[in-house]
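Me: I am new to this structure and would like to learn how to read its features one at a time. Could you give me the general idea each time, and then the case at hand?

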Amino acid sequence: MQTDLGFIIQWILVTVVGFLVSLIWIEIGERPDLGGLEGAIGGLMISFAQWWVLKHHISHSWRWIFIHVLIWTIIGLTPIGLLGWIVPRTLHLTPRIVYGVIEGVKLGLCLSLGQWWVLRTEVFQAWRWIIASGLSWGIALPIGWMFGGILRQGTSFFLGDVLGLVLVWTIVAGMTGTALTRLLWYPIKQNDG
């Protein structure tokens, strides 16, 4: 399998920068604090940043922005919540890990269904994206929540949890960037001939 390290690095950088820029408008909080508006803003910031990389690789890349804003808005209105901007109320590591895995997989699956809609006309076997995204969020969220919890316990500063979320977005971007570069290696146009 071929991967493009340059693409992966760009994907990580733009995703993390998109997340950090979103923090201008979205305050890291707990589940009831964030809703649909924050989802739309966060989805716009992340997807616009990712679009800068995707526009060179897929046609109609603007759909990535549209679908992200829509999905993050809907997620912000559901009990799943904006997990990319939410930290657990507890500092106990076991619930952070267990619920991080469960909630991360749910979030990854929700996001990936919309993203699949964009990728399905672009890459061969786009359904693999759904698995990759579910796994990415299911691995990244508990790691970031655990890391943030450890930092917060050690320093008593909420900034520890913010750094944990930066780690979540970095891991998700690294894993999804790797999966995406492998998917982009086999565009549908190539397989139709």
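Reply: Let us start with empty space: a cavity is a set of grid points where a 1.4 Å probe fits but cannot get out. Please keep in mind throughout that this is a predicted model.

Me: How many cavities of 30 Å³ or more does the structure hold, and which residues are the closest to the centre of the largest cavity?

Reply: There is one cavity of 30 Å³ or more, and the space in the largest cavity comes to about 120 Å³. Its lining is made of 16 residues, and those closest to the centre are Q50, Q115, W137, V172 and T176. Helix 1, helix 2, helix 3, helix 4, helix 5 and helix 6 each give two or more residues to this lining, with helix 6 giving the most, namely four residues.

Me: Q115 is among the residues closest to that centre; is Q115 buried or exposed?

Reply: A residue is called buried when its relative accessible area is under 20%. Q115 has a relative accessibility of 5%, and therefore counts as buried. This residue belongs to helix 4, and its side chain makes a polar contact of 2.7 Å with the side chain of W129. With neighbours within four places in sequence set aside, the residues in contact with Q115 are W64, I67, H68, I71, W129 and S133.

Me: How should I read a pocket, and where does the largest pocket lie?

Reply: A pocket, unlike a cavity, is an open set of points. The largest pocket has a volume of about 230 Å³, and among its 12 lining residues R128, A132, T178, A179 and R182 lie nearest its centre. Helix 5 and helix 6 are the elements that give two or more residues to its lining, and the largest share, six residues, comes from helix 5.

Me: Which residues have the most contacts inside the largest nonpolar core?

Reply: In soluble globular proteins, nonpolar side chains tend to be buried together. Here the largest nonpolar core has 48 residues, and W11, F19, W72, I75, W85, W137 and L180 have the most contacts inside it. Two or more residues come from each of helix 1 (5-22), helix 2 (36-54), helix 3 (62-77), helix 4 (93-119), helix 5 (128-155) and helix 6 (159-184), while helix 6 gives the most, with 12 residues. To follow one member, take L180, which touches F7, W11, L54, L119 and W129 once neighbours within four places in sequence are left aside.

Me: What does the length of a helix tell me, and how far does helix 1 reach from its first C-alpha to its last?

Reply: The idea is to compare the reach with the span expected at 1.5 Å a residue; helix 1, with 18 residues, reaches 26 Å, close to the expected 26 Å. At the N-terminal end of helix 1, D4 acts as a cap, with a side-chain oxygen 3.1 Å from the backbone nitrogen of G6. The buried residues of helix 1 include F7, W11 and F19, and what covers the buried residues of this helix includes helix 2, helix 3 and helix 6.

Me: Why does the length of helix 3 agree with what is expected?

Reply: Helix 3 has 16 residues, which should span 22 Å at 1.5 Å a residue, and its end C-alpha atoms are 23 Å apart, so the two agree. Among the buried residues of helix 3 are W64, I67, H68, I71, W72 and I75, and the cover over its buried residues includes helix 1, helix 2, helix 4, helix 5 and helix 6.

Key:
Residues numbered from 1 in each chain as written. Predicted model: local features only at pLDDT ≥ 70, side-chain atom pairs only at ≥ 80, totals over all residues. Heavy atoms only, no water. Core = buried A, V, L, I, M, F, W, Y, C linked by side-chain atoms within 4.5 Å. Buried < 20%, exposed > 50% of the residue type's maximum accessible area, 1.4 Å probe, protein only. Contact = heavy atoms within 4.5 Å. Expected span 1.5 Å × (residues − 1). Polar contact = N/O pair within 3.5 Å; in protein donor to acceptor, adjacent residues only side chain to side chain. 1 Å grid on protein atoms, 1.4 Å probe; cavity = no way out; pocket = protein on both sides within 12 Å on 5 of 7 lines; lining within 4 Å. Points joined across faces, edges and corners; volume = space filled by probe spheres on them.
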